[in-house]
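Grab a coffee and open the viewer. Below are some short exercises, each with a solution worked out step by step.

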Amino acid sequence: MDKIIIKGGKKLSGTVRISGAKNAALPIMASSLLVEGRTVLTNVPNLIDIRTMSHLLRIIGAKVEYEPDAHILNIDTSNCSFWEAPYELVKTMRASTYVMGPLLGRFGKANVSFPGGCAIGQRPIDLHLKGFRKLGANIRVERGYILAEAKELIGNHIYFDKSSVGATANVMMAAVKAQGTTILENSACEPEVTALAEFLTKMGAKISGIGTSKLIIQGVKALKPITAEIIPDRIEAGTFLIAGAITNSELTIIDCEPKHLSSVIEKLRECGYKLGIGENNITITTNNQQPTTKPLMVSTAPYPDFPTDLQAQLTALLSIGQGESIIKDNIFPERFMHISELNRLGANIKVKDNIAYVKGVEKLIGAPVMATDLRASAALILAGLAAEGETEISRIYHLDRGYEKIEQKLSKLGADIKRIY
Ligand code: EPZ
């Protein structure tokens, strides 16, 4: 099985390009099912999750072609006639459930496997189903599958009990084809949800309130296939900024969207780092000879607050430094599998309920560690970059789901990192 080996302690320098956002690309790919014809997406990252969604769209009957070097994805949905997302795929990628809204919107029918367990905690999809029911769908669960059917979807007023990226996106994709008006309240405002709403609008959907927690959707009879660009990945961007911080280096990320990273920029500044913000680039610098990360109190929460998807990476940064930090995950309270691995590298972190108490240590020391999920893998890489000696990270297949060529990008910046097979 693949492993990543890092010899820590190297300074990084230079410029790194940020790829397109996986979490924006996945629902947008699913929404291509709403139309008949050819959707063209640019800046699509070359990742396993993108291949999994492509595979699922092919099962449904789409013709999907990806040009990895150009990052262009062509999806032709002219011959789709199947409305099922099989267990074999949903169990490997929960975002497969994103086809449910578009299939209901186009065919009035979807048969999607219930997603199973997840390494970052319990992830129910009750809010998705509540939304579909409110639009008039009849939902039955049979042998682990959710069968949703509606002769016609009818607009309704839907209040989400919790801000959910997935439920907002999924229900919005169905509501654009419902008869009448749908109001989604307490909907998620994450940039990936906004990107989907803008994509649907370009297809001909009528959505107002985009970027706010109240989306008003006027259903339309038909949409048209379009060409669109995927927004930059704010989580990859944040991960590289933390790579600069944890190695006490100066580096610049380019082709990113700084306004999606306000909370991250703020927290890194509070830690003592300098960030220079350009139109679509950010430079992180420090004047200090030694890493001097100052402690933080940070809570993850829906956008624009600090993202749960950078909690593990920030914890790695705060593990080396002065004083005590407190990191609370309000989105996924059990997302702390990386802590025991960071402690194997010499960190001093205790977890109680959904809070990590981090006592900064002077240094980390390389050791074999195991990745447990996508962002935990990134956190271990960051820790390995700073640790003294060699860190060997196993189970890194998680990484390929969400970070395009991360070891090549880090090598180009000067890291001593390689993958062994
Ligand atoms: C999306 O997951 C992302 N995944 C996650 O990215 C991200 O961590 C998460 O949003 C939060 O930002 C994709 O975009 C593919 P939610 P999602 O619905 O949509 C609860 C990564 O590493 N909830 O916003 O599944 C839920 O348990 C990942 O790239 C319900 O209770 O997250 C959580 O506490 C992993 N019922 C909260 O809402 C529901 O029906 C927010 O989850 C749905 C969610």
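Helices (H or I, at least four residues) and strands (E, at least two) are DSSP runs, numbered from the N terminus. This is a predicted model, so to speak of local features we need pLDDT of at least 70, side-chain atom pairs count only at pLDDT 80 or more, and totals for chains, interfaces and linings use all residues. Residues are numbered from 1 along each chain as its sequence is written, and side-chain values use heavy atoms, with hydrogens and water left out.

**Exercise 1. A residue in a surface patch**

Find the strand that holds Ile-326, then work out which residues make a nonpolar surface patch with Ile-326.

*Step 1.* Ile-326 sits in strand β19, residues 324-329.

*Step 2.* Check the exposure. Buried means under 20% relative accessible area, exposed means over 50%, and partly exposed is in between (1.4 Å probe, protein chains only). Ile-326 comes out at 30% relative accessibility, so it counts as partly exposed.

*Step 3.* Look for partners. Patches are made of residues with over 30% relative accessible area and no salt bridge; like charges are joined within 9 Å, and nonpolar side chains (Val, Leu, Ile, Met, Phe, Trp, Tyr) within 5 Å. Here Met-297, Ile-326 and Tyr-357 make a nonpolar patch of about 290 Å². Accessible areas come from the Shrake-Rupley method with a 1.4 Å probe, and for residues only the protein chains shown count as cover.

**Exercise 2. Helix α12, end to end**

Compare the expected span of α12 with the distance between its end C-alpha atoms, then ask how many of its residues are buried.

*Step 1.* The expected span of a helix is 1.5 Å times one less than its number of residues. For the 13 residues of α12 (374-386) that gives 18 Å, and the end C-alpha atoms are 19 Å apart, which agrees.

*Step 2.* Twelve of the 13 residues are buried, so α12 is largely enclosed by the rest of the structure. Among them are Leu-374, Arg-375, Ser-377, Gly-384 and Leu-385.

*Step 3.* Look at the N-terminal end. Asp-373 caps α12 there, with a side-chain oxygen 3.0 Å from the backbone nitrogen of Arg-375. Polar contacts are pairs of N or O atoms within 3.5 Å; within protein, one must be able to donate a hydrogen and the other to accept it, and residues adjacent in sequence count only if both atoms are side-chain atoms.

**Exercise 3. Around the ligand**

Which residues are closest to the ligand, and which elements give two or more residues to the shell around it?

*Step 1.* A residue is near a molecule or strand if one of its heavy atoms lies within 4 Å of it. By that rule 24 residues surround the ligand, and the closest are Asp-126, Ser-164, Asp-309, Ile-331 and Arg-375.

*Step 2.* Go through some oxygen contacts. A side-chain N or O atom of Ser-164 is 2.6 Å from a ligand oxygen. Val-165 puts a polar backbone atom 2.7 Å from an oxygen of the ligand, and a backbone N or O atom of Ile-331 lies 2.6 Å from a ligand oxygen.

*Step 3.* On its own the ligand has 830 Å² of accessible area, and the protein covers 87% of that.

*Step 4.* The elements that give two or more residues to the shell are α1 (22-31), α5 (126-134), α6 (165-175) and α12. The largest share, three residues, comes from α5.

**Exercise 4. Salt bridges**

Are the two partners of the Lys-22 to Asp-49 salt bridge buried or exposed?

*Step 1.* A salt bridge is a side-chain nitrogen of Lys or Arg within 4 Å of a carboxyl oxygen of Asp or Glu. The whole structure has 18 salt bridges.

*Step 2.* In the pair of Lys-22 and Asp-49, the closest N and O atoms are 3.7 Å apart. This pair links distant parts of the chain: Lys-22 is in helix α1 and Asp-49 in helix α2 (residues 48-60), 27 residues apart.

*Step 3.* Lys-22 is buried at 9% relative accessible area, and Asp-49 is buried at 2%.

*Step 4.* Now try Lys-63 and Glu-65, whose closest N and O atoms are 3.9 Å apart. Lys-63 counts as exposed at 54%, while Glu-65 is partly exposed at 44%.

**Exercise 5. Backbone oddities**

Where is the cis peptide bond, and which loop holds Asn-248?

*Step 1.* The cis bond joins Tyr-303 and Pro-304, with omega about 15°. Pro-304 lies in the loop between β18 (297-300) and α10 (311-319).

*Step 2.* Asn-248 is not a glycine, yet has a positive phi of about 55°. The loop holding Asn-248 runs between α8 (234-246) and β15 (250-254). At 5% relative accessibility, Asn-248 counts as buried.
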